[in-house]
Amino acid sequence: MTMKETRHIDGWFGEFGGRYVPETLVTALDQLEEAWAEAKSDPEFELEFTSLLRDYVGRATPLTHAPRLTEHAGGANIWLKREDLAHTGAHKINNTIGQALLTRRMGKQRVIAETGAGQHGVATATACARFGLECEVYMGSEDVRRQSLNVFRMKLLGAKVNVVEDGSCTLKDATNAAMRNWMETVDTTHYIIGSVVGPHPFPTLVRTFQSVIGRETRTQCIDCFGRLPDRIVACVGGGSNAAGIFSDFIGDAGVGLIGIEAGGRGARPGDHASTLVHGEPGVLHGSRSIVLQDPDGQTSTVHSCSAGLDYPGVGPEHAHWHVEGRVDYRAVTDQEAIDAFCLLSELEGCIPALETAHAVAGAVQEAGTMHRDQHLVINLSGRGDKDAEEARRLLGDLD
Amino acid sequence: MPFVTAGYPDIETTGAILSGLDPSWADIIELGIPFSDPIADGPIIAASMHEALQTGVRPGHVFELVRSIRADIPQGLVAMVSTSIVERSGAVGFIEEAARAGFDGLIIPDVDLDRVDEILPTIDAHEMAFSLLVAPSTTDARLESILPRCRGFIYMLARAGLTGIRSELPDISPQVERIRRLTDLPIAVGFGISSAEHVSTVLAHADAAIVGSAIVRSMGTSDDPAAAALDTIRALSSGRPPTA
Ligand SMILES: Cc1ncc(COP(=O)(O)O)c(C=O)c1O
């Protein structure tokens, strides 16, 4: 058999992507790919997914003008794509509903997931409750501490939360633990990956389920101001909310796309999680992408105040957009994100997730360089209720 | 085929194990290059890799060790190494360095099968062994693309799941038969092989038994880890048939 015949062309974004996993997982990935291919050609699936997004998730989410933030930034009109209003409070639910439907199609009864901020864990637990699936979520102990409200929500939703004490006790380690569990349970269990990362077909699958964000944004921009936006800004952890809003606009050269990574305490190795800004090509968690590794290929330690961005990898399609120059990736520090967290709360009455606050900070900087007749959309990926306690620890009581 | 984590608990111990192995105990030794995020490893090997990394062991140290003692070791020496490490500096460069150091083969448990053809010419240029994994769930169609890409021996997983210590050994004979029909290469079986009895059962069907976690665990509970590893390997080798 020649290489052309065996290569999963679909799983590659330029030089990035692929399927770097132990053989034990390959058949399950093939099965997932097949189930998804069947689902895509089944009008029933599309219908069920769309009606769940409408009636259960509450889509379409609004596009809200942000007049006071616009005034503050002193440039382009700022608009908020309100994923914070989706059921469970973040974009993550779009993906988990889609993958739960696939789980059912594959006849599997048990679901596992990794989570950092806990939003993907909550969204997975929610979808599993809705479909009567058994659910176990892996979460690093540091994230259990800083996102404790979400741990309780997952338990309320009937999920088992497995606390991971390995390594840095954050998202990377939770992902390792979920993958290891999947290796042992793959016959009966589906792994709902929470971002556009992992082995093929996950990056494409998750991006497709999230792409509803971008399609809605396109129509809403035309309704609200009669044309496409000049810029779209989204935060990038693994990259699912960003891929979800960017993918529909990749072919629109006039729409500038900006991804904001976690700049942490600064540019020194170990102080940030700005994978695309500082990383190099490598393999992590099943795909070739840009990663933060030492010169030997060991995964670097990373830091961010935001659990959902505290990850040394990024989806392979983002790596491709980065090297192609289609998307501009920048870093925003912890302090800038925390300032933006307060700013959006005070000026627009929306408390963003700390992940999302990175996008807000990057967007305010960008809008300030633009003209008043231009338009910038922020993907408001999630709300900040989960971060209230951690923000109080970081900010004090605001008296 | 004994597996030890290179550099656990330190690089000297690995050297002592390699030079202390009696050729009658094993024909090939597998050295695991420590990786920060080993997905296919259970707690025992994962912990040994983390400990080795913590003491500062890098692939370069492993190559250096192998280079320094290669001439004195009659057995074959194979590296088990994650794709993340191989791909970091460019796969071709890594393979050439491993060959120059004196490794006779490579096992990359998480390589993308579709990328293997890009590295096989380098493997072949150095006449190295190259083993891809075959799992119980591997389909026949996929087996037909895996086997022609293997060199030296086939690495057959005794079970789905992770490396680790297990009391039970699944019936491996149907798997072995399935592979034998398609290749003449010897078949080595690993994952969960933990005792001399397991080794003996495996060797009734396959050509080699790979034992890792049982050896690494014995090192962790001993004051003299090299001696403990050698004791365990000797005891396991009693499961080999006398003619082997
Ligand atoms: C609200 C919110 N935004 C963004 C992210 C980052 O993930 P992604 O980059 O996949 O959108 C998370 C992850 O937990 C999140 O909860």
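A polar side-chain atom of N241(A) is placed 2.8 Å from an oxygen atom of the ligand, and, when the ligand is considered alone, its exposed area amounts to 390 Å², of which the protein buries 98%. These values, like those that follow, are computed from a predicted model. Two further side chains of chain A approach oxygen atoms of the ligand: an N or O atom in the side chain of H91(A) lies at 3.0 Å from one such atom, and an N or O atom in the side chain of K92(A) is found at 3.1 Å from an oxygen atom of the ligand.

The surroundings of the ligand comprise 19 residues, of which S195(A), G237(A), G239(A), S240(A) and S381(A) are the closest. Sorted by class, this shell consists of 12 polar, 5 nonpolar and 2 charged residues. With respect to secondary structure, at least two residues of the shell are supplied by α12 (240–246) of chain A, and at least two by α16 (354–368) of the same chain. The space that the ligand takes is the second largest cavity.

Away from the ligand shell description, several residues were examined individually. R288(A) belongs to strand β12 of chain A, which spans residues 287–291. The relative accessible area of R288(A) is 11%, and the residue is therefore classed as buried, since the cut-off for that class is under 20%. The side chain of R288(A) is engaged in a polar contact with the side chain of E15(A), at a distance of 3.1 Å. In chain B, L230(B) forms part of helix α11, which covers residues 225–237, and with a relative accessible area of 15% this leucine likewise counts as buried. Although 209 residues separate L230(B) from L21(B) in sequence, the C-alpha atoms of the two residues are 6.6 Å apart in space.

The backbone was then considered for departures from the usual geometry. Most peptide bonds are trans, and most residues other than glycine have a negative phi. In chain A, the peptide bond that leads from R59(A) to A60(A) is cis, its omega being near 0 degrees, and A60(A) is located in the loop that connects α3 (43–57) with β3 (63–65). In chain B, Y8(B) and P9(B) are joined by a cis peptide bond with an omega of about -10 degrees; here P9(B) occupies the loop between β1 (3–5) and α1 (11–20) of chain B.

A positive phi was found at two residues of chain A that are not glycines, namely C169(A), with a value of about 60 degrees, and H285(A), with a value of about 50 degrees. C169(A) is situated in the loop between β7 (160–164) and α9 (171–185) of chain A, and its relative accessibility of 12% places this cysteine in the buried class. H285(A) lies in the loop that runs between β11 (280–284) and β12 of chain A, where β12 is also the strand that contains R288(A). With a relative accessible area of 5%, H285(A) is buried, because that value falls under the 20% cut-off.

Key: Residues numbered from 1 in each chain as written. Chains lettered and ligands numbered in written order. Predicted model: local features only at pLDDT ≥ 70, side-chain atom pairs only at ≥ 80, totals over all residues. Heavy atoms only, no water. Near = heavy atom within 4 Å. Polar contact = N/O pair within 3.5 Å; in protein donor to acceptor, adjacent residues only side chain to side chain. Areas by Shrake-Rupley, 256 points an atom, 1.4 Å probe, with all protein chains shown as cover. 1 Å grid on protein atoms, 1.4 Å probe; cavity = no way out; pocket = protein on both sides within 12 Å on 5 of 7 lines; lining within 4 Å. Sits in = over half its atoms within 2 Å of the grid points. Helix = DSSP H or I, 4+ residues; strand = E, 2+ residues; numbered from the N terminus. Nonpolar A, V, L, I, M, F, W, Y, C, P; charged D, E, K, R; others polar. Buried < 20%, exposed > 50% of the residue type's maximum accessible area, 1.4 Å probe, protein only.
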